[in-house]
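User: Please walk me through this structure in short questions and answers. I would like the reasoning before each value or name.

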Amino acid sequence: MQSPMKGVLPRRHVLLRYGLATVIGMVGLLVGVALPHVPALKLVYFASYTVLILISAAAGGFGPGMLCTLLCVIGVAYWLEPAGSITIDEPAEILATGVFVVVGVIVSSISERMHRAVRFEREARLLAEQVAAAEQRAKEAILAAHRAREEMLGVVSHDLRDPLAVIELCAGLIERSAGADEEVRHRTAILHRTARRMSRLVHNLLSSSALAVGELSIDPEPEPVEALLLQTVEEHEPEAREKSITLEYEVTPDLPKVSCDCDRVLQVLSNLVSNALRFTPKGGRVKLCADRQGDFVRVRVGDTGCGISTGMLPHIFEPYSRERRQQGGRTGLGLSIAKAVIERHGGSIAVESQEGTGTTFSFTLPVATELEGHQEKDCAPPDKHVIAHAWASAPTAADRRGDPLRRY
Amino acid sequence: MAEVLIVDDNQDITECLECLLTREGYGVRSAYDGEAGLRALNERLPDVVILDVDMPVIDGPEMAYRMLVRNCGAESIPIVLHSAGGHVADIAARVGTPYFLAKPAGPDELLAMVARAASERIAPSPPARRDLSPCSLR
């Protein structure tokens, strides 16, 4: 590790450090030899020597400082009485020389410490810079990995949705040709249901990936809760009918609008209801309720299904958790996405369950304030066939590929 | 009965859509990319276009743009965007069409959307239209 030097020479430059001290010391010595002995100038003389020692020690450290001191002492001895000779007889002058040496030692020590401190500070700064750079590179690598995964998921999801569309359309065509054949209609209903489940999974995969890179966008607008529940119920009605499950919803009258991202909350409701339908046996009941709780509206999705085991309950909102798998629960992202979405809205999500009796998921959404959203998104489609699948999600690679909107 | 032009590079989807729409009484033609779609428009203008987004040669939004600037009748044809990518609603908003479906859309949704487009006949009107300059016309 090389320290950039500005007046403080690095350790490896031994020759340079001692060489400089020698030169400075020789200057001091020669001055001592050449300068006439004027007792009045004694202090000035000593002070200037001290400066020379300071320079040597500052540049080179303790060793060079002491070398300079030694050379200057010779100059001092020469300069003191008797002038012209380096012998010192008088006690006062011995003392003066002694004091001078001590001063030299002190100045050298202090300079050495400062020298070290500056060096350490430089090294620490360099280290900190290198650590920061490494951290930055690691962060970028993680982000790049996330983006690569997101891009891959985008491509995969796009490539999965085309075949799913074919399955849905073919199932529809078979249905139409089958007429009143109940068995065929039953099978095509399964095709529809499965295609939609796969589509939901793909959507969850994308959302989960977007969540991981912090790119899941929430765009809240004031929305009527009843419309959201209605749309969810209508979307899952065919599935419920197949299993003879009663799917219904109820809202208290005069429920205020909530501030929410319509598409995201529909995704949450869809995940909860599809779970409920999946784990409720034939003839059961799934009910959606909404009521006001202070500044929030609480939505509950309750079922009369098999319930969630106490072992699995604490981990129910974790994605792909080992505990969930061990407890035999479905692996899946739906609930972890639901939790993330609701919390991004400023609400909370909870679950109550009893094995053999049923489960109720409940979440809260903030009541929309009057100042919010001068423009209401038309979330409750008067044409109910339209938007069930048109969930907006984070831009996928397919959208970015070739930049289809470059013209607009 | 109305005529529909299907522009989608997935031949299975195109075949299913053709079958579905023919059963409902629509006249149907197909093209497998934007360039073929524009050639089909040259021959005869349909009543509705079902347009995929990701296609080779010329993609959906590019074809919609060229329909807009050609100024020969194609700009008034309603477009139903039918896409497997995310952000269909956003792409539809930028293209300026109120009709869009995200794949996989069921046959009922599709038919309802096509019927709506055929009866309302709202042509695409992108918000950026006012920025189109004469030199962009072909």
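The turns below take up confidence, the sheet, the helices and some backbone details.

User: What ipTM does the predictor give the complex?

Analyst: This is a predicted model. Its pTM is 0.60. For the complex, the predictor gives an ipTM of 0.86.

User: Over which residues of chain B is the pLDDT below 50?

Analyst: Chain B averages a pLDDT of 87. In that chain, 92% of the residues score at least 70. One stretch falls below 50, and beyond near neighbours in sequence it has 8 contacts in the model. Where pLDDT is low, the predicted coordinates should not be read in detail. The stretch in chain B is residues 130-138.

User: Which strands of chain B stand at the edges of the open sheet?

Analyst: The sheet has 5 strands, with parallel pairing, in the order β2-β1-β3-β4-β5 (chain B). An edge strand has a single partner, so one of its sides is left without a neighbour in the sheet. In chain B these are β2 (27-31) and β5 (99-102).

User: By how many degrees are neighbouring strands of this sheet turned against each other on average?

Analyst: The sheet is the open one of chain B, with 5 strands. Direction is ignored in this angle. The average turn between neighbouring strands is 20 degrees.

User: Which residue of β5(B) is the bridge partner of B:Leu81?

Analyst: Strand β4 (residues 79-83) of chain B runs parallel to β5(B), and 4 bridges join them. Along this pair, B:Ser83 stands opposite B:Ala102. The partner of B:Leu81 is B:Phe100.

User: Which helix of chain B packs on the sheet, touching β1, β3 and β4?

Analyst: The strands touched are β1 (3-7), β3 (48-51) and β4 of chain B. The direction of the helix makes about 155 degrees with that of β3(B). The helix is α3 (residues 60-70) of chain B.

User: Which residue of β4(B) is the bridge partner of B:Val49?

Analyst: β3(B) and β4(B) pair in the parallel sense, over 3 bridges. Together with α3(B), these strands make a right-handed β-α-β unit. B:Val49 has as its partner B:Ile79.

User: Through which helix does the chain cross from β4(B) to β5(B)?

Analyst: The two strands run parallel. The β-α-β crossover between them is right-handed. The chain passes through helix α4 (residues 88-95) of chain B.

User: How many of the 5 residues of β4(B) are buried?

Analyst: Buried here means under 20% relative accessible area. On one side B:Ile79, B:Leu81 and B:Ser83 are buried; on the other, B:Val80 and B:His82 are too. Both faces are thus covered. The strand is largely enclosed by the rest of the structure, because the count of buried residues is 5 of the 5.

User: What percentage of the residues of chain A count as buried?

Analyst: There are 10 helices and 7 strands in chain A. Among its contacts between residues at least 6 apart in sequence, 75% join residues at least 24 apart. Of its 408 residues, the share that counts as buried is 44%.

User: How many of the 11 residues of helix α9 of chain A are buried?

Analyst: The buried residues of α9(A) include A:Leu335, A:Ile337, A:Val341 and A:Ile342. Helix α9 (residues 334-344) is largely enclosed by the rest of the structure, because its buried residues number 8 of the 11.

User: How far apart are the end C-alpha atoms of helix α4 of chain A?

Analyst: Helix α4 (residues 91-178) of chain A has 88 residues. At 1.5 Å a residue, the helix should span 130 Å. The distance in the model agrees with this: 127 Å.

User: Where does A:Ser244 lie?

Analyst: Most residues other than glycine have a negative phi. A:Ser244 has a positive one, near 50 degrees. Its relative accessibility is 46%, so A:Ser244 counts as partly exposed. A:Ser244 lies in the loop between α6 (225-242) and β2 (246-251) of chain A.

User: Near what value is omega for the peptide bond from B:Lys103 to B:Pro104?

Analyst: B:Pro104 is placed in the loop between β5 and α5 (107-120) of chain B. Most peptide bonds are trans. The bond from B:Lys103 to B:Pro104 is cis, with omega near 0 degrees.

Key
Residues are numbered from 1 along each chain as its sequence is written. Chains are lettered from A and ligands numbered from 1 in the order in which they are written. This is a predicted model: local features need pLDDT of at least 70, side-chain atom pairs count only at pLDDT 80 or more; totals for chains, interfaces and linings use all residues. Side-chain values use heavy atoms; hydrogens and water are left out. Two strands pair if DSSP finds at least two bridges between them. Axes are lines fitted to C-alpha atoms, for helices over the stretch in contact, and angles run from 0 to 180 degrees between N-to-C directions. Contact means heavy atoms within 4.5 Å. Buried means under 20% relative accessible area, exposed over 50%, partly exposed in between (1.4 Å probe, protein chains only). A crossover is right-handed if, with the strands pointing away from the viewer, the path from the first strand over the helix to the second runs clockwise. The expected span of a helix is 1.5 Å times one less than its number of residues. pLDDT is the predictor's confidence in each residue, from 0 to 100.
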